[in-house]
Amino acid sequence: KKNTAPPPPPAPPAADTMSAVAAAPSTTDFVALKENSIFLDYRDNVCAGAQLAVANKLCADLEVPTPQAGGNVTKGYVGDLDVGSLKPHTDTYFQGDMCPVNVHWHLGTEHYSYGQYDENGNGPHGTAERPEWANRDLAAAGEKVRGGFHCHHYDEKEEKFTKPYDWKYCTNMEVGETYEVHWPHSSVGDCGTVNQYQTPFYDGVFCNLSMEQFAAIAADPQNIASNVGVHGQVFTVVNDEQYFYPDMMRGMIIDKQRNMGTDIHYYTGSTTGTSRSNEMCSQYAPITWQVDRQCHMISASSFDKLCHDMLLQRDDMKDDLYPHGSRELVMDSLVANNAADAESLAAAAAAAAAEAPAAEAAPEEAPAAEEAPATEEVATEVARNGNLRA
């Protein structure tokens with residue numbers, strides 16, 4: 001037998017061939033597969049119709065005014081509506097056993113952050129002005145400011161703000177525009193299941209709550225603020241894949257290196273949208289708002305990926321694939337006076353820590369107080385020294 005050499009190994013694919021394969025889009029239409037999926041049958045949606053009907057009401061007719069949103073979130077701003085001891089939820093929503101139950105967005109912004117999204121911003125169609133009543137001086141800004149609804153990134157001379165994008169899943173979207181994204185969260189949503197995300201978002205918020213349970217909980221408004229909240233984050237859409245983010249479903253983007261989701265304004269407010277105004281108030285309140293004061297650029301493809309993911313949920317979310325209208329800026333008299341941010345929370349924690357040793361030392365002084373004459377003057381002095389309330 002003749003010895004024959006083995007055949008040479010096949011040559012590796014040419015570099016240009018590999019690049020073409022890598023660049024080729026997937027041919028699987030995952031949205032179409034939903035139609036026959038046993039896991040995504042909308043008839044199994046236990047949250048469908050769970051929304052509790054709470055009608056809007058004329059603000060002037062409310063016996064107890066409910067705090068409204070969206071308001072001014074500029075650093076240093078505090079609303080004028082006295083809400084007593086009511087506080088927003090300032091931990092992460094996850095720590096409060098809340099999960100995101102929806103995502104939707106508004107054309108322009110409903111909130112106002114001076115120097116970030118305001119009357120000095122711009123977009124393909126300009127910006128909106130703030131009403132005359134809202135002219136005021138802000139301590140942090142140091143000058144009179146007027147409201148508006150667009151970020152400052154837009155530049156018609158740069159292609160990334162003007163080059164059209166071929167939208168596959170989102171509708172009525174435009175490169176260069178500003179959008180405020182909202183992620184409603186709830187502790188009684190169907191968290192961790194295929195029913196978690198819902199349209200309308202009220203179905204997700206109230207999924208596991210009856211009207212009777214809601215009425216009992218609402219007797220203490222703090223129960224609502226501690227169990228229902230919204231993330232708010234503002235973006236200018238660009239046609240530039242450097243700004244691609246793959247997962248906008250789960251809530252506000254938090255990236256400390258890029259100052260995203262780090263400068264947060266906390267307050268209690270209400271649901272928003274164009275059916276509410278400074279005359280017509282939402283009674284879905286008081287809920288916590290955690291709003292990013294900064295505006296960020298994000299790619300159009302990020303939004304389109306989000307819309308794709310929304311279409312893959314069990315519930316039909318097609319009514320949230322486009323930008324909703326924005327509520328007018330809420331008047332100071334309807335904005336809660338309980339605003340907080342990282343700095344104010346740190347200051348409050350430091351003050352509480354400083355008071356703790358004095359409070360702990362108070363019992364040790366009690367024997368001396370008992371030996372002293374039981375006069376009103378002595379009792380008052382002990383209360384002061386022990387940092388106690390008389």
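**Note on a predicted structure: helix H6, its surroundings and some distant contacts**

1. The buried residues of helix H6 are covered by several elements of the structure, among them helix H2 (30-33), strand S3 (104-107), strand S8 (178-186), strand S9 (228-238) and strand S12 (287-299). The structure is a predicted model, and the points below should be read with that in mind.

2. Helix H6 itself runs over residues 300-311, a stretch of 12 residues, and spans 17 Å from its first C-alpha to its last, which is close to the 16 Å expected at 1.5 Å a residue. The helix is mostly covered, with 11 of its 12 residues buried; these include Ala 300, Ser 301, Ser 302 and Phe 303 in the earlier part, and Cys 307, His 308, Asp 309, Met 310 and Leu 311 in the later part.

3. Strand S12, one of the elements that cover the buried residues of H6, deserves a point of its own. Of the 13 residues of S12, 13 are buried, and the strand is therefore largely enclosed by the rest of the structure. S12 pairs with S9 in the parallel sense over nine bridges, and in this pairing Gly 229 has Thr 288 of S12 as its bridge partner. S12 also pairs with strand S10 (residues 264-269), here in the antiparallel sense and over six bridges, with Val 291 of S12 as the bridge partner of His 265.

4. Which residues does Thr 236 contact, once its neighbours within four places in sequence are left aside? Thr 236, which lies in strand S9, is in contact with Cys 151, His 153, Phe 161, Gly 176, Glu 177, Thr 178, Cys 295, His 296, Met 297 and Ile 298. Its relative accessible area is 1%, and because buried means under 20%, Thr 236 counts as buried.

5. A search of the whole structure finds nine aromatic pairs. One of them joins Phe 206 and Tyr 284, whose rings are tilted, with 6.0 Å from centre to centre and 40° between the planes. Phe 206 sits in the loop between helix H3 (201-205) and helix H4 (211-218), while Tyr 284 sits in the loop between strand S11 (280-281) and S12, so the pair ties together parts that are 78 residues apart in sequence. Both Phe 206 and Tyr 284 are buried, and ring pairs link these two residues with Phe 201, Tyr 202 and Phe 214 into a cluster.

6. Ala 340 is placed in the loop between H6 and helix H7 (342-371), and its relative accessibility of 11% makes it count as buried. Not counting residues up to four places away in sequence, Ala 340 touches Ile 264, His 265, Tyr 266 and Leu 345; His 265 is the residue whose bridge partner in S12 is Val 291. Ala 340 and Pro 88 are 252 residues apart in sequence, yet their C-alpha atoms are 8.2 Å apart in space.

7. As for confidence, the mean pLDDT of the protein is 85, and 80% of its residues reach 70 or more. Over residues 136-148, however, the pLDDT is below 50, although this stretch has 45 contacts in the model beyond near neighbours in sequence. The pLDDT also stays under 50 over residues 366-390, for which the model has 13 contacts beyond four places in sequence.

Terms used:
Residues are numbered from 1 along each chain as its sequence is written. This is a predicted model: local features need pLDDT of at least 70, side-chain atom pairs count only at pLDDT 80 or more; totals for chains, interfaces and linings use all residues. Side-chain values use heavy atoms; hydrogens and water are left out. Helices (H or I, at least four residues) and strands (E, at least two) are DSSP runs, numbered from the N terminus. The expected span of a helix is 1.5 Å times one less than its number of residues. Buried means under 20% relative accessible area, exposed over 50%, partly exposed in between (1.4 Å probe, protein chains only). Contact means heavy atoms within 4.5 Å. Rings of Phe, Tyr and Trp (its six-membered ring) pair if their centres lie within 6.5 Å; planes under 30 degrees apart count as stacked, over 60 as edge-to-face and the rest as tilted. Two strands pair if DSSP finds at least two bridges between them. pLDDT is the predictor's confidence in each residue, from 0 to 100.
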